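Consider how two helices pack against each other, and then what lines a pocket.

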Amino acid sequence: MNPETRLSEMGIVLPHAAAPAANYVPGVVHGGLLHISGQIPFDTDGALIRGKLGGDMTTKEGAAAAARCAVGLIAQMKAVLGNLDRVERVVKLGVFVACTPEFTDQPKVGNGASDLMVAVFGEIGRHARSAVGVAALPLGVAVEVDAIVAVRD
C-alpha cells in the first residue's frame, strides 16, 4: 500500500507545505538524501500547538504535537519530491522538545513522530532518532522535528 493511501485511511489530510520563515529552504536533496528543515506543530485547524512539556503540557499531548510535526514533514516530502513513492527510507528524525529542566520523557514525545512515520511508510519508515529537551522553541511551540530521508531518482 502506498503512503498516500495509508494517510487517507488514517484520515490525515496533508496541509500545504509550510513556507520558510527566514533565510533557508524547506528541503534540500543532495547525494540521494532529502534534508528537511524543522517542522513545527499545527493542529488540523492550522493553529500552532504551543506549550512546555513538564509544565502546561502532558507527555501524551506532546506526542500528539510531534505527530503533527511529522505530518508537516510528510507534506514537505511531497512538495519537494512531487510524489511520496520516491521515499526510499526515512533515515533519521531529530526531535526537539520544549520542556522544563525536570522533564525526562523526550523519547516518549518523539514517539508521536516516529509512530506516524512507521504507520505511513511501513518498514521503510523505521529510522534512527534523537530526542532532546530545549528551553524554548520558535513561536512558543512544544515540539519541532526535522528529518533526513533517502530518495529514489
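The text below takes up a helix pair and then the largest pocket.

This is a predicted model, in which local features need pLDDT of at least 70, side-chain atom pairs count only at pLDDT 80 or more, and totals for chains, interfaces and linings use all residues. Residues are numbered from 1 along each chain as its sequence is written, and side-chain values use heavy atoms, with hydrogens and water left out.

Helices H2 (residues 59-81) and H3 (residues 106-121) have axes that come within 7 Å and cross at roughly 40°. That makes H2 oblique to H3, since angles under 35 degrees count as roughly parallel, over 145 as roughly antiparallel, 65 to 115 as roughly perpendicular and the rest as oblique. The crossing of H2 and H3 is right-handed. Among the residues making the contact (heavy atoms within 4.5 Å) are Gly 62, Ala 66 and Ala 70 of H2 and Gly 112, Ala 113 and Leu 116 of H3. By class, the contact residues are 14 nonpolar, 3 polar and 1 charged, with Gly counted as polar.

The largest pocket holds about 550 Å³ of space. A pocket here is an open set of points on a 1 Å grid where a 1.4 Å probe fits, with protein on both sides within 12 Å along at least five of seven lines, and lining residues have an atom within 4 Å of a point. Of its 27 lining residues, Ala 18, Gln 39, Ile 40, Phe 42 and Gly 72 lie nearest the centre. H2 gives the largest share of this lining, 4 residues.

Methods: Axes are lines fitted to C-alpha atoms, for helices over the stretch in contact, and angles run from 0 to 180 degrees between N-to-C directions. Helices (H or I, at least four residues) and strands (E, at least two) are DSSP runs, numbered from the N terminus. A crossing is left-handed if the near helix is turned anticlockwise from the far one by less than a right angle, and right-handed if clockwise. Grid points are joined across faces, edges and corners, and a volume is the space filled by probe spheres set on the points.
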